[in-house]
Amino acid sequence: WSRSALIFSQRLQIDMLAAERIEVIRRPIPDESLPAPEATAFRVPELPIAVNLDALEAPSISFGRDVFGLESELSVTGRIRLDGGALDTALDINRLDGPGGRFTLAATYANDTEQLEIDLDLTEPENGVVANLLGIEGRPPVDLSVTGSGPLSGLDVTLELDADGQRVLSGTTQLRRQADGLAYTAEFGGPI
């Protein structure tokens, strides 16, 4: 990380955050002392300094069977930038063991323009992490795509989900600005 960037330009500049191996052997213990969550408007945190993480690298993250019912090993790479209420992030996760699989996410958002860009893709063969997390019967191959681009006041987000090579769910969620805030409608269909 760069100390001079923090001192002179109020920016926490991290070139790389890396871990050779991470092991998650169980689910976290819930903290009952936390307050109940409250609904608030969607905003990227406006920190007193900018935070730039140019590279996140974890070539081996292993999950024990008790975490979500499937032992697995993943690799993660990505980046994140938070600056003045704006977010720019990318994430790439690959399953290294068993049948494989890949999850990618690219997203940007700015508080001042309320402009959101999201592109999420998931491809997993049979007995993948997501099929196990969701408890999908038979643990079929899964393909998921979520995309959207535009201001929150007029955003359409499209979702397409395929299981075992067949479209099982597709549709659109629309966000629209109204006098009392954002409203949404969703239309989805398919032989789930």
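1. Start with the nonpolar core. In this predicted model, the largest one has 11 residues: Val-44, Val-51, Leu-82, Tyr-109, Leu-116, Leu-120, Val-146, Leu-152, Leu-155, Val-157 and Leu-175. Two strands, β8 (115-124) and β10 (154-163), each put in at least two of these residues. Apart from this core lies another, of 9 residues, including Ile-61, Phe-63, Val-67 and Val-76.

2. Val-51 is a handy place to zoom in. Skipping its neighbours within four places in sequence, you'll find Val-51 in contact with Leu-12, Ile-80, Arg-81 and Leu-82. Leu-82 is also a member of the largest core, while Leu-12 is the residue standing opposite Val-51 in β4.

3. Next, β4 itself, which spans residues 50-63. How many of its residues are buried? The count is 10 of 14, so call the strand mostly covered.

4. Three strands pair with β4 in the parallel sense. β1 (residues 11-14) does it over 4 bridges. β2 (residues 17-18) has 2 bridges to β4, with Leu-17 partnered by Leu-56. β3 (residues 22-24) adds 3 bridges, and there Val-24 sits opposite Phe-63.

5. And which way does β5 (residues 72-83) run against β4, parallel or antiparallel? Antiparallel, with 9 bridges joining the two. Phe-63 turns up again here: its bridge partner in β5 is Ser-72. Worth a click in the viewer, then: Phe-63 stands opposite Val-24 of β3, bridges to Ser-72, and belongs to the 9-residue core.

Notes:
Residues numbered from 1 in each chain as written. Predicted model: local features only at pLDDT ≥ 70, side-chain atom pairs only at ≥ 80, totals over all residues. Heavy atoms only, no water. Buried < 20%, exposed > 50% of the residue type's maximum accessible area, 1.4 Å probe, protein only. Pairing = 2+ DSSP bridges. Core = buried A, V, L, I, M, F, W, Y, C linked by side-chain atoms within 4.5 Å. Contact = heavy atoms within 4.5 Å.
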